[in-house]
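These are comments on the model you sent, set out as numbered points. Please read them with the coordinates open.

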Amino acid sequence: MARIPHVIAGEKIDTAERYAPVFNPATGEQQHEVPLASTEQTEAAIAAAKAALPGWRATSLTKRADVFFNLRQLLKQRTPELAAIITSEHGKVLSDAAGEISRGLENVEFAAGLLHHLKGEYSEQVSTGVDVHSVKQPVGVVGCITPFNFPVMVPLWMVASAIACGNTVVLKPSERDPSASVYIADLFREAGLPDGVLNVVHGDKGSVDVILDSPDVKAVSFVGSTPIAKSIYERAAANGKRVQALGGAKNHMLVMPDADIESAADAAVSAAYGSAGERCMAVSVLVAVGDSGDKLVKAIEERIGGLVIGDGTDPSSEMGPLITKEARERVESYVAGAAAEGATVVVDGREKQFDLPGFFTGVSLIDHVKVGSKVHSDEIFGPVLAVVRAESYEEGIEIINEHQYGNGTALFTRDGRTARQFEFDVEAGMVGINVPIPVPVGSFSFGGWKDSLFGDTHIYGPESIHFYTRSKAITTRWPDPSESQIDLGFPSND
Ligand code: NAD
């Protein structure tokens with residue numbers, strides 16, 4: 001059985017004291033094992049990043065940019081190969097895997113513009129004969145900890161900007177689908193990145209804690225579930241690091257009675273069941289206003305019948321399996337409990353039969369879900385769409401705003417005035433108007449509100465340049481020696 005190695009200072013190391021299984025979710029079989037890094041191995045990765053820092057920091061911006069231009073080409077050329085790796089360990093269909101790569105590519109393209117992003121500022125003659133300029137310098141070694149559901153896109157959200165800013169990185173990907181991160185490290189190396197700038201260690205809480213506690217790690221980017229995000233935020237911040245920790249989600253899509261019902265139903269099905277609902281921006285609650293509810297539920301039910309669920313490598317499949325057997329059991333337990341919470345199970349995904357042995361479940365549609373019930377409040381992270389009925393826009397917006405999560409949200413309407421009001425009112429970090437999965441393009445930044453993000457900086461795009469750099473302001477004066485004098489007063493500008 002193949003082992004998926006750590007990458008430390010460019011060297012592949014596949015031994016450890018403990019190993020974890022890596023499954024193919026479509027067959028349910030273990031296909032690889034991944035070493036879980038010991039404290040010493042994680043420390044070695046941090047030390048490699050620290051050793052590479054002075055050289056990478058001093059590398060000219062033009063040479064750094066070259067790496068990203070090369071990487072862009074490589075990622076485009078190798079998309080089929082990388083998509084196959086994603087599908088074999090995550091289960092999502094190949095077209096979805098390729099889509100994830102193309103969104104990650106946006107972050108590489110953004111990073112390639114680093115000469116622009118790292119420009120400082122200059123003010124001439126702020127006082128007589130005095131100028132001030134500011135520069136953006138790297139923070140140092142950055143720890144990046146990523147979830148299973150986007151094994152390429154989320155690592156690229158972080159490492160592209162972190163490296164562009166002159167930092168070095170220890171990436172700890174999800175142990176459930178770790179191969180893609182090793183492949184990304186190989187591509188970076190091929191693109192010209194020096195060894196030690198990007199290190200990959202596999203592991204669980206043990207290696208994450210080493211990263212969080214190391215005085216040599218200066219910043220931590222995390223994406224994962226809310227309880228872990230909160231604990232990462234607290235521990236890293238207590239250790240004096242800057243930290244951004246993106247958590248879970250429960251994204252609501254509000255449909256007004258004037259919306260085009262067929263388009264809204266297409267959007268709801270795509271956004272709820274794509275990638276088996278294992279997306280942090282999946283629509284998991286549909287808030288149907290007024291008489292839109294009955295029409296929408298009927299239209300969605302009709303569409304569900306035609307969905308093709310199967311092995312992600314089969315081009316006819318539209319949805320693949322869940323990541324693990326435990327994930328399937330957890331998702332199905334919510335469907336099983338829905339009726340007891342007063343909801344109506346319109347389509348029960350558990351009833352769908354599969355010839356395949358993997359971690360498959362069918363899609364579920366649950367109507368008349370009560371606000372505050374478990375189906376409404378918990379992040380299920382599977383192909384389950386809850387429909388909540390609301391009398392009015394005001395009731396709908398209150399349902400969204402009172403929810404603990406505030407990652408993405410969407411409004412479907414044909415009325416610009418309602419759309420404008422929604423944008424103004426809604427408590428979420430990313431908003432779609434007739435767009436169900438409003439993941440901002442790479443030139444903007446990504447982040448939620450409330451329990452979907454701990455820290456104050458969104459990820460990738462302009463906010464990531466701020467996060468991965470320290471600003472330094474330099475005040476300069478070239479006086480004639482004859483002007484020199486002692487003055488104990490506080491310097492004022494004149
Ligand atoms: P997870 O929280 O279980 O794991 C995320 C990472 O944390 C992994 O690398 C894992 O090894 C590590 N980890 C797990 N337990 C840990 C612990 N006790 N201490 C330290 N590290 C630990 O998340 P997941 O199941 O891999 O991913 C799914 C979750 O990620 C969902 O909640 C989803 O909403 C969220 N997510 C959020 C975003 C976003 O942008 N907000 C994006 C993608 C995924």
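1. Two strands count as paired if DSSP finds at least two bridges between them. By that rule strand β4 (residues 18–24) pairs with β5, through seven bridges and in antiparallel fashion. Please keep in mind throughout that this is a predicted model.

2. The β4–β5 hairpin has four residues between its strands, and G28 takes a positive phi there, near 75°. On its other pairing, β5 (residues 29–36) runs parallel to strand β1 (residues 2–3), with two bridges joining them. H32 in β5 is a useful reference point: A2 stands opposite H32, and V22 also stands opposite H32.

3. What is the strand order of the seven-stranded open sheet? The order is β15-β16-β17-β14-β13-β19-β20, with mixed pairing. Its edges are β15 (344–347) and β20 (430–433), each of which pairs on one side only. Direction ignored, neighbouring strands of this sheet are turned by 20° against each other on average.

4. Within that sheet, β16 (residues 364–367) and β17 (residues 384–390) run parallel and are joined by three bridges. The bridge partner of S364 in β17 is V384. In general, strands of a sheet pair through backbone hydrogen bonds, either parallel or antiparallel.

5. Helix α11 (residues 292–304) lies across five strands, namely β13 (251–255), β14 (283–289), β15, β16 and β17. The helix runs at about 140° to β14.

6. On the edge strand β20, consider I433. Is I433 buried or partly exposed? Its relative accessibility is 32%, so I433 counts as partly exposed. Leaving aside neighbours within four places in sequence, I433 is in contact with L411, A419 and F422. The C-alpha atoms of I433 and V289 are separated by 16 Å, the two residues being 144 apart along the chain.

7. N199 lies in strand β10 (residues 198–200). N199 counts as buried because its relative accessibility is 0%, the cut-off being under 20%. A polar atom of the N199 side chain lies 2.8 Å from the backbone oxygen of G196. Beyond its neighbours within four places in sequence, N199 is in contact with residues including V7, I8, A9, A45, V169 and L171.

8. Which residues come nearest to the ligand? Of the 29 residues around the ligand, these are T146, K172, E175, S225 and E379. A backbone N or O atom of T146 lies 2.7 Å from a ligand oxygen atom. R176 places a polar side-chain atom 3.1 Å from an oxygen atom of the ligand. A ligand nitrogen atom is 2.8 Å from a polar backbone atom of G247. Taken alone, the ligand exposes 850 Å², and the protein buries 90% of that.

9. K172, one of the residues that come nearest to the ligand, has its place in strand β9 (residues 168–172). With a relative accessible area of 4%, K172 is buried. Not counting residues up to four places away in sequence, K172 touches C144, I145, T146, V201, H202, G203, S207, V208 and I211. Among these contacts is T146, another of the residues that come nearest to the ligand.

Terms used
Residues numbered from 1 in each chain as written. Predicted model: local features only at pLDDT ≥ 70, side-chain atom pairs only at ≥ 80, totals over all residues. Heavy atoms only, no water. Axes fitted to C-alpha atoms, helices over the stretch in contact; angles between N-to-C directions. Contact = heavy atoms within 4.5 Å. Buried < 20%, exposed > 50% of the residue type's maximum accessible area, 1.4 Å probe, protein only. Polar contact = N/O pair within 3.5 Å; in protein donor to acceptor, adjacent residues only side chain to side chain. Near = heavy atom within 4 Å. Areas by Shrake-Rupley, 256 points an atom, 1.4 Å probe, with all protein chains shown as cover.
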